[in-house]
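Please read this briefing alongside the sequence and the model. It takes the side chains topic by topic.

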Amino acid sequence: MGEPLTRQNKKRQTAGFALGIGLTLIIALVAKYLAGFPFLSIMGQLVIAILIGIFWRATIGVPDRLIAGTNFSSKKLLRLGIILLGMRLNLMDIVHAGPKVFLMAIIVICFALTVVYGLARLFKVEKRLGILTACGTAICGAAAVVAIAPQIKAKDEETAIGAAMVAILGTLFTLIYTFLYPVIGLSDLGYGIFSGGTLHEIAHVIAASDPVGSEAVDMAVIVKLTRVALLVPVAILIGIWASRSERSEGRSGTSWKSIPIPWFIVGFLIVSGINSLNIVSSDVAGVIVTVAYMLIAMAMAGLGLNVDLVTFRRLGMKSFAAGLIGSVLLSALGFGLVHLLNLT
């Protein structure tokens with residue numbers, strides 16, 4: 001009697017696991033479809049997926065037996081998606097962009113990390129959520145948030161809130177940038193550098209520069225991908241810092257063996273290298289990037305399904321304020337750097 005019941009329970013667990021993954025896939029597909037509409041395209045598939053997940057949890061709920069599947073999407077599929085996303089990055093484009101663009105990317109990232117994290121702590125935002133908000137603002141939006149989260153052992157709700165806040169901020173600033181372009185006096189190339197150096201997601205960068213022309217889009221994407229490439233060293237440094245902080249709080253020594261190595265980030269860099277060597281065709285690379293975004297969208301859906309709206313309101317508003325002020329300052333810095341480095 002006990003053995004059939006055990007088999008039955010295993011079948012139920014397996015079915016629930018599959019249904020959980022299936023639910024995140026459905027949400028990701030719906031998000032991709034909705035992202036094809038004019039305004040929603042600015043938000044992008046990843047933002048829409050996490051918002052649908054949050055809405056689903058608040059209205060329909062998520063049965064306990066599905067949690068294992070949604071967690072699998074938000075953790076395992078996420079890492080695979082980030083690795084494959086490396087196919088979007090051609091390291092040679094960054095080299096050809098020149099040292100000034102690389103310098104601008106480094107300054108922007110250091111500034112945003114310091115200022116947004118400082119503001120978050122000033123507003124009494126929880127430490128891990130503050131780091132995630134800062135990384136998302138500084139590097140590449142939701143993708144940076146979910147890539148850094150394992151390094152600092154962030155909770156699912158913190159990861160989801162950080163990703164959602166940064167994504168919403170990026171959408172807001174994308175709209176503002178499209179109105180700013182005619183009055184800020186930058187050339188198409190200069191505006192591309194400005195938007196690529198300061199906006200949050202790749203989707204935001206493309207949406208903000210597209211009305212200006214192809215020259216602006218191409219340069220904006222190169223500058224943005226330069227920031228994306230810096231995700232690797234930032235993730236490693238944050239892992240080292242988080243490990244040391246934990247050990248200092250526990251009053252024990254720091255061991256290099258204890259530092260978490262973000263293997264999926266290393267995988268991202270390896271895939272970028274493969275793409276840079278033109279080993280795969282542009283068509284195949286395009287398909288891989290599409291798959292990567294689908295996997296990351298499934299992860300976003302899984303994260304959203306774990307977020308309680310009460311928690312979202314409690315933790316999200318302060319981090320949003322920190323990100324908002326930090327983004328305004330970042331835009332001002334980026335505009336100044338374009339002029340200072342003579343990239344107008």
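Tyr33 is exposed, because its relative accessibility of 59% is over 50%. Its ring partner is Phe37, in an edge-to-face pair at 5.4 Å centre to centre. The model is a predicted one.

**Aromatic pairs**

- The structure holds seven aromatic pairs.
- In the pair of Tyr33 and Phe37, the planes stand at 85°.
- Phe37 counts as partly exposed, because its relative accessibility of 38% falls between 20% and 50%.
- Tyr117 and Trp241 also form an edge-to-face pair, with 6.3 Å between centres and 85° between planes.
- Tyr117 belongs to helix 5 (residues 99-122) and Trp241 to helix 11 (residues 231-249), so this pair ties together parts 124 residues apart in sequence.
- Trp241 is partly exposed, at 36% relative accessible area.
- Tyr177, Tyr181, Tyr191, Phe194 and Phe335 are joined into a cluster by ring pairs.

**Nonpolar surface patch**

- Leu172, Ile176, Leu180, Val183, Leu324 and Val328 make a nonpolar surface patch of about 460 Å².
- Helix 7 (156-180) and helix 14 (309-340) are the elements that each give two or more residues to the patch.
- Helix 7 supplies the largest share, three residues.
- Val328 sits in helix 14.
- Val328 has 45% relative accessibility, so this patch member is partly exposed.

**Nonpolar core**

- In soluble globular proteins, nonpolar side chains tend to be buried together.
- Here, the largest nonpolar core has 111 residues.
- Ile82, Met104, Ile139, Ile148, Tyr191 and Met300 have the most contacts inside this core.
- Helix 6 (residues 127-152) gives the most to the core, with 16 residues.
- Tyr191 is thus named twice: in the ring cluster and among the core residues with the most contacts.
- Beyond residues up to four places away in sequence, Met104 touches Ile193, Gly197, Gly334, Leu337, Val338, Leu341 and Leu343.

**Buried polar and charged residues**

- Is Arg227 buried or exposed? Arg227 is buried, because its relative accessibility of 0% is under 20%.
- Arg227 lies in helix 10 (residues 214-229).
- Leaving aside neighbours within four places in sequence, Arg227 contacts Ala105, Val108, Ile109, Thr137, Ala138, Ile139, Gly196, Gly197, Thr198 and Leu199.
- Arg227 and Ala138 are 89 residues apart along the chain, yet their C-alpha atoms are separated by 8.1 Å.
- Ile139, one of the contacts of Arg227, is also among the core residues with the most contacts.
- Gly197 is listed as a contact of Arg227 and of Met104.
- Ser272 is likewise buried, at 0% relative accessible area.
- Ser272 is part of helix 12 (residues 263-276).
- Outside its neighbours within four places in sequence, Ser272 is in contact with Gly86, Leu89 and Leu91.

**Positive phi outside glycine**

- Asn278 has a positive phi, near 60°, and is a residue other than glycine.
- Where is Asn278 found? Asn278 lies in the loop between helix 12 and helix 13 (282-305).
- Asn278 counts as exposed, at 58% relative accessibility.
- Asn342 is not a glycine either, and its phi is positive at about 60°.
- Asn342 is in the segment after helix 14.
- Asn342 has a relative accessible area of 58%, so this residue is exposed.

Methods
Residues numbered from 1 in each chain as written. Predicted model: local features only at pLDDT ≥ 70, side-chain atom pairs only at ≥ 80, totals over all residues. Heavy atoms only, no water. Phe/Tyr/Trp six-rings, centres within 6.5 Å; stacked < 30°, edge-to-face > 60°. Buried < 20%, exposed > 50% of the residue type's maximum accessible area, 1.4 Å probe, protein only. Helix = DSSP H or I, 4+ residues; strand = E, 2+ residues; numbered from the N terminus. Patch = residues over 30% accessible without salt bridge, like charges linked within 9 Å, V, L, I, M, F, W, Y side chains within 5 Å. Areas by Shrake-Rupley, 256 points an atom, 1.4 Å probe, with all protein chains shown as cover. Salt bridge = Lys/Arg side-chain N within 4 Å of Asp/Glu carboxyl O. Core = buried A, V, L, I, M, F, W, Y, C linked by side-chain atoms within 4.5 Å. Contact = heavy atoms within 4.5 Å.
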